[in-house]
Amino acid sequence: MGAIEIAGALAASRRAVRLYPAAHPTHRTAVRELVAEVRALVDIRPLTLSLREGRLYEGSVVIAEAGASVRALAEAMESRRVESLTFHMGFAEADAVALSEVLSIRPSPDLHVHMELEERSISAVTVSELEDLSAHQSEARDQRREADRSLYRQSVTALNAMATELVDRPVVDPVAATRVIAQFIERVTADPPSIIALAMMTGHGERWRSHSLSVMLYSLVIGSGIGMSDKQLLAVGLAGLMHDIGYTLDHGENDDAARSNHPLLGAHTLGALLDEDYTAMIVAYEHHMGVDGSGWPERDPGYVLHPCSRIVAVADRYDTLIRPPRGAVLRPDEAVRQLMREASDGPLDPVLTRVFVHTVGVMPVGTVLRLSDFSIGIVSAPGRDQLRPTIRLILASDGSEVRPIRDICLAEDERTILEVVSAAMLELRPSDYL
């Protein structure tokens, strides 16, 4: 079996080609040794090295002796989407140099090893690449994104309709809103990151509408995280959606009087809902009350908050930190740290806050990162390693826009996080890319 010898010679050649000029003795020696190994093994029949499930094969036989050079070749092929390398008769120094150079190019969505070899007029080694699924994945992602945004728009319509009906009618059936929330319940169970991304959308018109939708979505994420039943999720979702309905009955959300009065007004208004357990009404009244006795409206010592009020309070606070009606905007990672502070000795429920933070991660969806190669990405999903999330790469190292946008799991990429940056500084809205 010659795969081990070729892998060792190729590892030495790749290293020499990267480090030394063509005239250097080490460069010449390493290239010639690779040529000698290939020619000794390739006669009339070609020799194929293939990669399957991370393991290197010679023909159909797995290479069990996985030394450092074999592992290095397998990793080089996998990171560059190379399924197989086939060495043909006539392999020469030009082939050895080209292959060593191409297998040392930094992996990227735009790298195609077979095209790089063709540009160098190499024919004694051919490459089969794994199917690039990025286009299919991108199309599927766009379809899911549009479906979610259509659902978001339906939520806006349902919220507007309920707000109008609560003013004009003595009794209101929330059936239209609950139908929309039920669809979100299915999505939050299957894909929490997509729901968190959707919650970051910036709506048009009065802020309370987009804020209410975001709080509803974050509340569903928390409720799902603690194992609520579908019926309980429906209740907390409706409560999150309607928690600020009191703003529609007063002077406006930036008015201090409206800020103070909206819990009581909202609770009074939601008494018109056909809601058997009155959860939405209770949450509208309690969502600014802290578990430490702080907040408003004032209540007697020992007053016990409804569990859904505690959930909505965490959701409400997070959205307010990253999208305040006025004042300083916090980055998502800064908002998470602030939540933890407020849960340790302040108004937020510590258990529910931890559940939320565990779901969104210390670098939540929407966090903008600069990587070690100076490219820019937006966190699209938390990873198993909280400090190595999945990101959506949007700007290349030279500042150009990446097309198509591609998701990269940093736990499997050689790049590291250089810094967290402000979306405002780069003049972009993360929700446009999520």
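**Exercise 1. Surface.** How much area does the protein chain expose, and what share do carbon and sulfur atoms supply?

Solution. This is a predicted model, in which local features need pLDDT of at least 70, side-chain atom pairs count only at pLDDT 80 or more, and totals for chains, interfaces and linings use all residues. Residues are numbered from 1 along each chain as its sequence is written, and side-chain values use heavy atoms, without hydrogens and water. The exposed area is about 20800 Å² (Shrake-Rupley method, 1.4 Å probe). Carbon and sulfur atoms supply 52% of it. Buried residues (under 20% relative accessible area, 1.4 Å probe, protein chains only) are 49% of the 434.

**Exercise 2. Overall form.** Find the element counts, then explain how spread out the protein chain is.

Solution. Start with the elements: 15 helices (DSSP H or I, at least four residues) and 10 strands (E, at least two). The radius of gyration, taken over C-alpha atoms, is 29 Å. The globule rule (2.2 Å times the number of residues to the power 0.38) gives 22 Å for 434 residues. The value is well over that, so the chain is more spread out than a compact globule. The C-alpha trace spans about 90 × 35 × 35 Å along its principal axes.

**Exercise 3. The sheet.** Trace the open sheet of five strands.

Solution. The order is β3-β2-β1-β4-β5, with antiparallel pairing (pairing needs at least two DSSP bridges). At the edges lie β3 (61-62) and β5 (125-129), each paired on one side only. β4 (residues 82-87) joins β5 over five bridges, in the antiparallel sense. Leu85 has Val127 of β5 as its bridge partner.

Technical notes
Buried < 20%, exposed > 50% of the residue type's maximum accessible area, 1.4 Å probe, protein only.
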